[in-house]
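Here are a few notes from going through the model with you in mind. Have it open next to you while you read.

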Amino acid sequence: MSTLKAVRGTRDLLPPETALWNRIEATARSVFARYNFGEIRTPVFEDTTLFARGVGEETDIVSKEMYTWEDRARAQSEKTQSLTLRPENTAGVVRAYIEHGLGESGQLQKLYYLGPQFRRERPQKGRYRQFSQIGAEVIGPPSAGSESPLRDAEILEMLATLLDELGIQGWTLHLNSVGSAADRARYNQALRAALAPVVAQMCPDCQRRAETNPLRVLDCKVPADQPIIETLPMIADSLDEASQAHFAAVTAALDAAGVPYTRNHRLVRGLDYYTRTTFEFTHGGLGAQNALLGGGRYDGLSEMLGGPRAPGIGFAMGEDRLVLTLQAQEKQKSTPPKVVAYIAPVGENMNSANLALAGELRHQGLAVELGDGSFRLKKSFESADKTARNIVIFGEDELQSGKLTVKNFANGTQMSVPRAELADFLLNSDQFLEPEGGRSTPEAPLVVPPARIPQKPIHE
Ligand code: AMP
């Protein structure tokens, strides 16, 4: 029988790598909380119309990358509906904003999300068909200050903080403004005029884009086209006064906050809904797919989806690419993190007593592994050395004496420790060891967060 494999462009994430994913998500949640964002979870699939309208029919995402199917009616009351696995999350968040009347509070909505997105792209390093994004949106009625350039600067400052706290070194913030819808219409005209005499010399994709969506020509990576693209007009020259002032206010606030950026005139982003500020954070270590995250302002999106006027700004970060970057920086050690202790029962009759001991330690917040009394001591030591920093031996002798034998693998010391002091002893043995060197500090926490205190069952 042929073996079944994960579908092309999808992957299984396994330990120890998943520890790094969890650390990234925990750091993101902690930073978002400090900036007063709340979590939103929208469905993984939506009505296809949402993306057609919200992302834009002409974009690569909608025209060729979506997983779309006709969902058959199951009852007479239902209609057959075209559904799509979400290729991005902003459209879903704005749909939810409209559907739940979130703007009616008159307050800014600051929402973040984490989750899988789906695009039928050609898989390569850093590009998958199922990938994970961490993103956030600030959206609200204009009276809540949603158009303010301060919102743009605050989001960018938050991203710089998040990348720094994650330990991503050497990121670059590329910043641009694509102006208002009217600015873009003017720019499209200027581009079409400039492209007309030269487009025949360009790649087939550019020839198509020049017809359908000239802005996309700026995304072209074909080397032979670059000298032509360099001569095209810049969008900065088509911005009206209000758009120029907005952009200047964003950069002034970034300067004041000490967030470095470079102006990138070609940054127009792949989605149709962007207005004014657009940005991307890149990292040199990622190769061809070097964008860690992208985002921008989308002042007209809510209205495009049939909602009230609700300017907004947001971003989506590729979690897969954060993981790749951190792994490349060797932040994550190739050896799996070890738990503090391996509990080794001596003899099968000691199994349940050892389960109880392991439970006690776990309830005190320690991460421990439990062996099996059918193992010979040598095998217990071998397993323990692979998974833990200490081994705790618990057999008949220890039961009699009330003291447990603890051996530390790093310094080879063996001690007899009263059961009541075991948890403290194990924790201190780690603290004592860290400065000794020779061993790297494990990435995973030495202690798991405090466990639930076991409750006595409540009887009515
Ligand atoms: P976008 O929604 O296209 O602006 O993408 C935002 C971020 O999501 C990008 O900067 C990437 O980090 C990540 N991303 C987009 N597409 C993929 C993909 N196919 N595989 C992995 N990450 C992706």
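**Notes on the sheet and one buried acid**

1. Let's begin with a strand pair: S15 (residues 403–408) and S16 are antiparallel and joined by five bridges. If you want one contact to click on, valine 406 has methionine 415 in S16 as its bridge partner. Bear in mind that this is a predicted model.

2. Zooming out, that pair belongs to an open sheet of five strands with mixed pairing, in the order S13-S12-S14-S15-S16. Strand S13 (368–370) and strand S16 (414–418) are the edges, each pairing on one side only. From one strand to the next, the twist averages 25°.

3. Now the helices. Helix H12 (residues 351–363) packs on the sheet and touches strand S12 (339–345), S13, strand S14 (388–394) and S15. Its direction makes about 170° with that of S13. Helix H13 (residues 377–387) lies across S12, S13, S14 and S15, and runs at about 150° to S14.

4. Elsewhere, have a look at glutamate 65, which sits in helix H3 (residues 60–65). What is the nearest side chain of opposite charge to glutamate 65, and how far away is it? That would be arginine 119, at 4.8 Å. With a salt bridge defined as a side-chain nitrogen within 4 Å of a carboxyl oxygen, glutamate 65 has none, yet this residue is buried.

5. As for the surroundings of glutamate 65, leaving out residues up to four places away in sequence, the side touches are Asp60, Phe118, Arg119, Arg120 and Glu121.

Methods: Residues are numbered from 1 along each chain as its sequence is written. This is a predicted model: local features need pLDDT of at least 70, side-chain atom pairs count only at pLDDT 80 or more; totals for chains, interfaces and linings use all residues. Side-chain values use heavy atoms; hydrogens and water are left out. Two strands pair if DSSP finds at least two bridges between them. Helices (H or I, at least four residues) and strands (E, at least two) are DSSP runs, numbered from the N terminus. Axes are lines fitted to C-alpha atoms, for helices over the stretch in contact, and angles run from 0 to 180 degrees between N-to-C directions. Contact means heavy atoms within 4.5 Å. Buried means under 20% relative accessible area, exposed over 50%, partly exposed in between (1.4 Å probe, protein chains only). Lys and Arg count as positive and Asp and Glu as negative; His and the chain ends are not counted.
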